[in-house]
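Please open the structure in the viewer and keep the selection tool at hand. The stops below are to be visited in order.

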Amino acid sequence: MVMAAFLCAIVGCVVLPIVALAAEISSGASHEQAWWGLSLPLLASMPSLEAGKAAMLLTALALIWICTMMIYWAAPGGNAWGRLPRPSSIPGPRGWPVIGCLMDMSGLAHVRLAELASACSARSLMAFSLGDTRVILTSVPDVAREILNSSAFADRPIKASARQLLFDRAIGFAPFGSHWRNLRRIAATHLFMPKRIAAHEHHRQHETTLMLNSIDDSMSLNGVVPLRMYLQRASLNNIMGSVFGRTYDFGRPCQEADKLQAMVREGFDLLGAVNWADHLSWFGGVFDLLRIKQRCDVLVADVKEFVQRIINEHKMQKSYEHKSDSDADFVDALLALDDSEKLSDADMIAVLWEMVFRGTDTTAILTEWILAEIILHPEVQVRLHAEIDSIATPAGELSERDLPKLPYLQAVIKEVLRMHPPGPLLSWARLAINDVHVAGHHVPAGTTAMVNMWAITHDSSIWAEPNVFKPERFLVGEGGQDIDIRGGDLRLAPFGAGRRVCPGRALGYATVQLWVARLLQRFSWSSHPDHPIDLSELLKLSCEMKYPLVACAMPRLCSDSQVVAGGKCLM
Ligand code: HEM
């Protein structure tokens with residue numbers, strides 16, 4: 001009996017309190033709050049206490065700890081909300097004691113959170129806990145606007161992996177302040193200005209032509225096209241060309257290209273993983289099952305070496321002194337900055353790497369979804385072919401200036417962004433800098449805020465038949481609405497909104513439009529009987545197709561003068 005009580009006490013009073021004590025201390029809790037944990041060594045130093053009495057005392061302490069946890073947990077929103085001095089008025093699920101809703105974040109978190117918000121009648125604003133992290137989430141456009149456009153939410157919570165990978169010095173995770181403002185200004189005036197994006201069109205066109213030729217080759221050789229691979233390669237080359245001024249021939253063995261692809265993949269895995277240690281500070285010290293810390297250390301050393309080498313080459317060649325706008329890459333643009341704006345090499349590495357990282361997956365993932373929906377809707381493909389043919393023959397030149405003349409294409413892209421937003425939870429959350437009111441509720445500083453864009457774009461009170469693919473809903477002439485997707489209308493804001501809206505949206509959108517237009521101009525797309533199209537989702541850093549698209553691409557007719565040896569169209 002005494003033995004059982006003792007064992008129970010050891011588990012309850014030694015393991016749990018030590019773990020929780022570490023959590024409280026490292027999360028900045030006061031020593032008063034952690035009194036019960038500090039009393040352990042005291043108990044241990046009482047040799048005169050009999051084993052039985054010590055076990056009872058420890059059991060009592062464990063019970064007090066468990067009761068405290070249960071009281072925290074009983075609050076709406078769960079344990080992180082229960083720790084507040086004043087109870088919150090925001091409804092929400094309690095989740096599990098200690099871990100809160102952490103389990104709901106694996107798998108399709110956007111779907112699970114939408115279900116929870118409906119179940120708790122908390123679509124406007126829901127409170128929940130991810131371990132010790134207090135979170136609010138909205139699933140309605142008005143409150144999304146309130147959060148995203150508020151200066152109180154101009155900060156972001158940063159994951160340990162993002163900090164380790166230098167992202168706290170880059171735009172996406174830099175804390176709100178002068179460094180972040182300087183980076184945004186540089187991005188807007190030197191990296192993403194429309195003139196600069198237009199000047200790089202020849203580079204995008206060239207990479208698109210190479211992608212189309214590879215697709216043609218794959219079709220001739222294998223009778224099918226594993227589209228994701230070609231999109232990812234084109235996407236990486238596109239961004240590498242704009243950022244570093246170098247591209248790769250992925251068809252040939254090249255160590256540097258392999259290494260770069262592996263580095264990007266590893267970065268996605270590390271940042272996309274739900275790491276419990278980000279929300280339970282003691283967890284990382286005890287379990288690092290995914291070896292995240294160790295893998296980040298290896299990756300960051302590789303990234304520094306890779307990017308620094310390219311910066312050094314640019315410095316030696318002084319290319320930034322004489323290149324024109326259309327030839328200059330991001331490294332040139334950063335090296336040419338005035339002394340007042342200049343970045344250190346360490347900050348340049350962070351900013352440049354973030355561009356490669358952010359710019360690569362989103363465009364490829366979105367294009368893959370678009371092609372999948374087009375193949376599943378042959379009538380949409382027929383109409384797109386007719387629209388594209390009205391401004392260029394299958395072998396004619398299609399420039400980015402032509403894209404605004406393709407309203408149906410724009411409508412198709414918007415409809416895919418609505419049905420499959422690449423960031424269903426807007427990828428990266430926001431953080432309250434100070435106490436603020438949202439939807440009439442008090443939200444304390446330090447609360448993480450999320451927008452469930454997927455729930456908004458699938459809300460039947462906003463979108464008629466939200467699960468039906470209907471590009472016409474965006475065509476004014478056919479009873480639809482012309483919605484601004486750049487952050488002005490929160491019914492469809494796949495690039496976010498407000499101060500931290502995606503700075504690369506114009507570049508990303510221009511790339512996707514050009515790719516889709518030219519993929520359709522050149523080919524007729526259909527599915528292959530052995531590779532049925534499955535629209536299941538997989539949520540990592542972005543939401544991608546769970547089963548990569550494998551399809552057939554039949555070349556459309558091109559004029560005799562455009563045919564080169566081997567029967568290929570020269571475009
Ligand atoms: C289809 C393409 C893309 C989509 C759907 C997308 C989506 C997003 C979203 C939802 C955010 C968060 C916005 C917010 O918090 O309000 C974001 C931020 C960001 N995106 Fe994009 N993005 C795309 C392309 C790009 C490209 C091509 C780049 C750069 C080359 C880029 C760079 C960034 C950066 C640096 C941020 C952080 C901004 C900040 O915190 O100040 N994105 N993006």
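Begin with the open sheet of three strands in this predicted model. Its strands follow the order 3-11-8, and the pairing is antiparallel. Select residues 225-226 for strand 3 and residues 523-527 for strand 8. These are the edge strands, each of which pairs on one side only.

Next, add residues 550-555, which form strand 11. How many bridges join strand 8 to strand 11? There are five, and the two strands run antiparallel. To see one such contact, select S527 together with A551, its bridge partner in strand 11.

Now move to the ligand and display the residues around it, 30 in number. Which of them come nearest? They are G359, G496, C502, G504 and G508. By class, the shell around the ligand contains 15 nonpolar residues, ten polar residues and five charged residues.

Then select helix 16, residues 345-376, and helix 20, residues 505-522. Each of these two helices supplies at least two residues of the shell around the ligand. Helix 16 gives the largest share of that shell, with seven residues.

For the final stop, select residues 54-75. An unreviewed UniProt entry lists this span as a "transmembrane region". Is the span mainly helix or strand? In the model, residues 54-75 are 95% helix and 0% strand. Place a distance label between the C-alpha atoms at the two ends of the span: these atoms lie 33 Å apart.

Notes
Residues numbered from 1 in each chain as written. Predicted model: local features only at pLDDT ≥ 70, side-chain atom pairs only at ≥ 80, totals over all residues. UniProt positions renumbered as here; feature names shortened; annotations may be inferred. Helix = DSSP H or I, 4+ residues; strand = E, 2+ residues; numbered from the N terminus. Near = placed C-beta within 6 Å. Nonpolar A, V, L, I, M, F, W, Y, C, P; charged D, E, K, R; others polar. Pairing = 2+ DSSP bridges.
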